[in-house]
Amino acid sequence: MNIVVLAGGISTERDVSLATGNNVVKALKSKGYNAKLLDLFLGYNGNYKDFFKHEETNELLLTIGDKSPSIEEVIASRNIKSKELFGPNVLNICKYADIVFVSLHGSDGENGKVQGLFDILGVKYTGSGSLGSAIAMNKYITKQLLIANNIKTAPYILLKKGDNIPEYKKEVVIKPLSGGSSVGVSIAKNEKEYKEAIELAFSYEDEILIEDYIKGREFSVGVLGDTVLPPIEIIPKSGFYDYKNKYQPGMTDEICPANLDRTKELQDITYKVFKVLQLQVYGRIDFILSEKDNCFYVLEANSLPGLTSMSLIPQEAKAVGIDYVSLCEKIIELSQKK
Ligand SMILES: Nc1ncnc2c1ncn2[C@@H]1O[C@H](COP(=O)(O)OP(=O)(O)O)[C@@H](O)[C@H]1O
Ligand SMILES: [Mg+2]
């Protein structure tokens, strides 16, 4: 079976995606699949028909830096003037493959556009379809659907570039509308931090959310097909679960299964969110259990959760006896039946 593991691209989560992609390639190869990594943006310089026969020469990126990477350098390195997101031969290779394992994270691959194109062209791919991907990527639309379905989510204000900035009243979380990996997310505890946080979030996107800060324990719960995985509790050693605390080893305690006496309740909410947001195959929902009212608040949903060695879903799967290789195989199997 020829599998393209599509990764990289030019989102702020490029490095995370490459780390996911390389892990997936390694796992699939160990099971005898002909799996090859392909960078969405840089593509393949050769005849696409030879892609599955070529020896990999690119350095494997298996570690992630403590900051999101500079995308300008990646764009400059392509040597093609066009702004086309798909690099040389990417589309032909994807058409030629038996399935595309979508290992993209962030805007390019997670917002449903790539999935929509694949649907039109009849390319088989893993994970959610274009609608679920588009919904989950947009934290504002996600909230609208959650509220309409009586699922608790942090109260928020949507702010567009140029809007009047509301007065600072209390601790809030500022985040770009469609980001991921906590890039551009800050917690503002005073007016100065508030102004800086808004500026930072606007440096990534033209629309941002100002959310009430929900104090409490943080959990994340994965879904694989019809199975809701055991919740994982996230306890950063300092600060909140930002980029550094997500990807630098040892910065965060991750306890799976979480020590929680309301696991079933949390799993039921997770499955409801997964369905309401039109997600398919697999996904992960982030929560805070509020100290104030003892309710679970949904922070956001991830249609392409990370599959790096540090990532949460692989840990959750492992807790129910699904090792990393089986997880990848299961994702392919479920995606083929979609
Ligand atoms: N409303 C909130 N209250 C408290 N902490 C939050 C809130 N929103 C986000 N966070 C913190 O910021 C992290 C990243 O926010 P999240 O909405 O999950 O965005 P991302 O898509 O970048 O993961 C969360 O894992 C959590 O630690
Ligand atoms: Mg998150």
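**View 1. Strand β10 at the largest pocket of this predicted model.** β10 is the element that gives the most to the lining of the largest pocket, chipping in four residues. It has company: the elements giving two or more residues to this lining are β5 (172–176), β7 (207–212), β8 (216–224), β10 (232–236), β12 (282–290) and β13 (296–302).

**View 2. Looking into the middle of the largest pocket.** The pocket has a volume of about 630 Å³. Its lining takes in 33 residues, and Glu218, Phe240, Tyr241, Ile288 and Leu299 are the ones that lie nearest the centre. Sort the lining residues by kind and you get 14 nonpolar, 13 charged and six polar.

**View 3. The largest nonpolar core.** Now for the greasy stuff: in soluble globular proteins, nonpolar side chains tend to be buried together. Here the largest such core has 46 residues, and Leu28 and Phe101 have the most contacts inside it. Two or more residues come from each of β1 (2–7), α1 (14–30), β2 (34–39), α3 (90–96), β3 (99–102), α5 (113–121), α11 (312–319) and α12 (324–336). Helix α12 gives the largest share, six residues.

**View 4. Zooming in on Leu28.** Which residues does Leu28 touch, leaving aside its neighbours within four places in sequence? Leu28 is in contact with Ile3, Val5, Tyr33, Ala35, Phe101, Cys328 and Ile332. Phe101 pops up again here, the residue named with Leu28 for having the most contacts inside the core.

**View 5. Another core, set apart.** Apart from the largest core lies another one, made of 23 residues. Look for Ala136, Ile151, Val228 and Val276 among them.

Technical notes:
Residues numbered from 1 in each chain as written. Chains lettered and ligands numbered in written order. Predicted model: local features only at pLDDT ≥ 70, side-chain atom pairs only at ≥ 80, totals over all residues. Heavy atoms only, no water. Core = buried A, V, L, I, M, F, W, Y, C linked by side-chain atoms within 4.5 Å. Buried < 20%, exposed > 50% of the residue type's maximum accessible area, 1.4 Å probe, protein only. Contact = heavy atoms within 4.5 Å. 1 Å grid on protein atoms, 1.4 Å probe; cavity = no way out; pocket = protein on both sides within 12 Å on 5 of 7 lines; lining within 4 Å. Points joined across faces, edges and corners; volume = space filled by probe spheres on them. Nonpolar A, V, L, I, M, F, W, Y, C, P; charged D, E, K, R; others polar.
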